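Q: I have just opened this entry and would like a guided look at it. Could we go through it step by step?
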Amino acid sequence: MSPALLRIGRQLVLVPIVALASYFLMAALPLTTEDESKRQVSPEVLASYRKDLGLGQPLGFLRPWQKLFAGQRLGTSAQGVTGDELLLKLSGSVGVGLVALVLALGWALAFALLRARWRRGRLSVLGDAIPAVAFGTPVFIPALLLAPAVVERGHLLPELCAALVISVWPGIFLGTLVADALETELARDYVRTALSKGLPPRAVLWRHVLPNVLPALLDAVGPVATALLAGSFAAERVFGLPYFGQLYVLAVLQKQVAVVVVATTVFASLLVVVGMAVEFVRLLVDPRAREART
């Protein structure tokens with residue numbers, strides 16, 4: 001079996017594991033917090049939570065999914081969601097994430113080229129300072145700074161601002177990896193050989209160096225996709241976007257346990273889809289992956 005299929009198989013196994021883990025973790029949570037210790041949960045509400053989670057029932061962990069596929073509203077109140085509403089909110093977050101991914105790739109290319117140029121000059125310290133600032137700044141801080149101006153503007157601006165905010169850290173991260181990979185590849189013998197034969201530096205870069213850098217970039221797409229989706233939770237909350245991240249945060253705060261279980265599993269499934277797409281692209285652009293398959 002090829003390494004690509006093994007990686008995809010490992011990712012697929014994670015989906016049911018995440019589904020079961022989220023179910024039992026939510027089932028173990030108390031219905032009240034310390035601040036609510038004086039409030040007693042009525043037997044009706046307790047029974048509603050137990051029914052919503054299928055506690056005490058055979059194969060009760062399938063109860064949220066049974067309600068989902070039956071078209072029923074997940075959750076114990078009108079604040080729950082149906083499957084169609086969940087997909088609609090997910091599509092909004094995926095749209096923001098795709099725009100953020102394009103912006104992140106732009107940040108990565110720009111930073112990689114700048115870092116390669118700065119490495120030999122007085123500005124080399126910026127090559128380390130910018131990642132330190134980007135990695136150490138939580139997503140919600142720039143989101144909070146932009147939020148007052150965003151609320152007063154057009155319909156699409158909040159989505160664009162959310163994508164911009166969550167794309168900076170992944171873009172700098174990718175740019176750092178690409179810059180290091182470029183430095184390694186440019187020092188190899190085949191680059192000096194190509195240049196000695198009269199090939200223009202730009203042609204050497206695009207035809208020979210970048211194809212060897214792409215595998216390192218693909219290896220980072222999974223963590224970057226996770227960072228983009230996780231960052232969208234905070235950005236959507238700050239900008240008031242009614243998408244998947246907002247739904248997930250509110251479901252946790254309101255203890256809509258069935259919504260949390262299904263949303264967590266959907267989130268894990270989405271990351272698996274991203275991983276499968278990465279493996280497919282790897283087979284297209286990396287000859288070594290195709291050779292390993294055969």
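A: A definition is useful at the outset: a residue counts as buried when its relative accessible area is under 20%, as exposed when that value is over 50%, and as partly exposed in between. Please also note that this is a predicted model.

Q: Then where does Phe173 fall, buried or partly exposed?
A: Phe173 has a relative accessible area of 23%. Because buried means under 20% and exposed means over 50%, Phe173 counts as partly exposed.

Q: Understood. How many helices and strands are there in the chain?
A: The chain holds 13 helices and zero strands. Read from the N terminus, its elements run α-α-α-α-α-α-α-α-α-α-α-α-α.

Q: And what share of the residues counts as buried?
A: Of the 294 residues in the chain, 38% count as buried.

Q: What about contacts between residues far apart in sequence?
A: Among contacts in the chain with a separation of 6 or more, 69% are between residues 24 or more positions apart. One example of sequence-distant residues in space is Gly95 and Glu159: they are 64 residues apart in sequence, and their C-alpha atoms are 8.7 Å apart. Gly95 is in helix H4 and is partly exposed, at 31% relative accessibility.

Q: Let us turn to Glu185. Which helix is it in?
A: Glu185 lies in helix H7, which covers residues 157-186.

Q: Is that residue buried or exposed?
A: Glu185 is buried, because its relative accessible area is 11% and the cut-off for buried is under 20%.

Q: What does Glu185 touch, leaving out residues up to four places away in sequence?
A: With those left out, Glu185 touches Tyr190, Val191, Val209, Asn212 and Val213. With Tyr190 there is also a polar contact between the side chains, at 2.7 Å. As for Asn212, it is 27 residues from Glu185 along the chain, and the two C-alpha atoms are separated by 7.5 Å.

Q: Which salt bridge does Glu185 take part in?
A: The side chain of Glu185 meets that of Arg188 in a salt bridge, with an N to O distance of 3.2 Å. Arg188 is partly exposed, with a relative accessible area of 40%, whereas Glu185 is buried at 11%.

Q: How many salt bridges does a search of the whole structure find?
A: The search finds two. Besides the bridge between Arg188 and Glu185, there is one between Arg192 and Asp189, whose closest N and O atoms are 2.2 Å apart.

Q: Where do Arg192 and Asp189 lie?
A: Both lie in helix H8, residues 189-196, three residues apart, or about one turn of the helix. An α-helix has 3.6 residues a turn, so residues three or four places apart point the same way. Asp189 counts as exposed at 56% relative accessibility, and Arg192 as partly exposed at 46%.

Q: Val209 and Asn212 came up earlier. What can be said about helix H9?
A: Helix H9 covers residues 201-219, which makes 19 residues. From its first C-alpha to its last it reaches 26 Å, close to the 27 Å expected at 1.5 Å a residue. A kink of about 45° lies at Leu210, shortly before the proline Pro211.

Q: Which residues of H9 are buried?
A: The buried residues in H9 include Val209 and Val213, both of which touch Glu185. Ala203, Val204, Pro215 and Leu218 in H9 are buried as well.

Q: Changing topic: how many aromatic pairs are there?
A: The count comes to two aromatic pairs. Trp169 and Phe173 form a stacked pair, 5.5 Å centre to centre with 5° between the planes. They are four residues apart in helix H7, about one helical turn, and Trp169 is partly exposed at 30% relative accessibility. Phe244 and Tyr248 form a tilted pair, 6.4 Å centre to centre with 35° between the planes.

Q: How far apart in the helix are Phe244 and Tyr248?
A: They are four residues apart in helix H11, residues 244-253, and so separated by about one helical turn. Phe244 counts as buried, at 3% relative accessibility.

Q: One last residue: what does Arg115 touch?
A: Not counting residues up to four places away in sequence, Arg115 touches Gly127, Asp128, Thr176, Ala179 and Asp180. Arg115 is in helix H4, residues 83-118, and is buried, with a relative accessible area of 10%.

Technical notes. Residues numbered from 1 in each chain as written. Predicted model: local features only at pLDDT ≥ 70, side-chain atom pairs only at ≥ 80, totals over all residues. Heavy atoms only, no water. Helix = DSSP H or I, 4+ residues; strand = E, 2+ residues; numbered from the N terminus. Buried < 20%, exposed > 50% of the residue type's maximum accessible area, 1.4 Å probe, protein only. Contact = heavy atoms within 4.5 Å. Polar contact = N/O pair within 3.5 Å; in protein donor to acceptor, adjacent residues only side chain to side chain. Expected span 1.5 Å × (residues − 1). Bend = angle between axes of the 7 residues up to and from the residue. Salt bridge = Lys/Arg side-chain N within 4 Å of Asp/Glu carboxyl O. Phe/Tyr/Trp six-rings, centres within 6.5 Å; stacked < 30°, edge-to-face > 60°.
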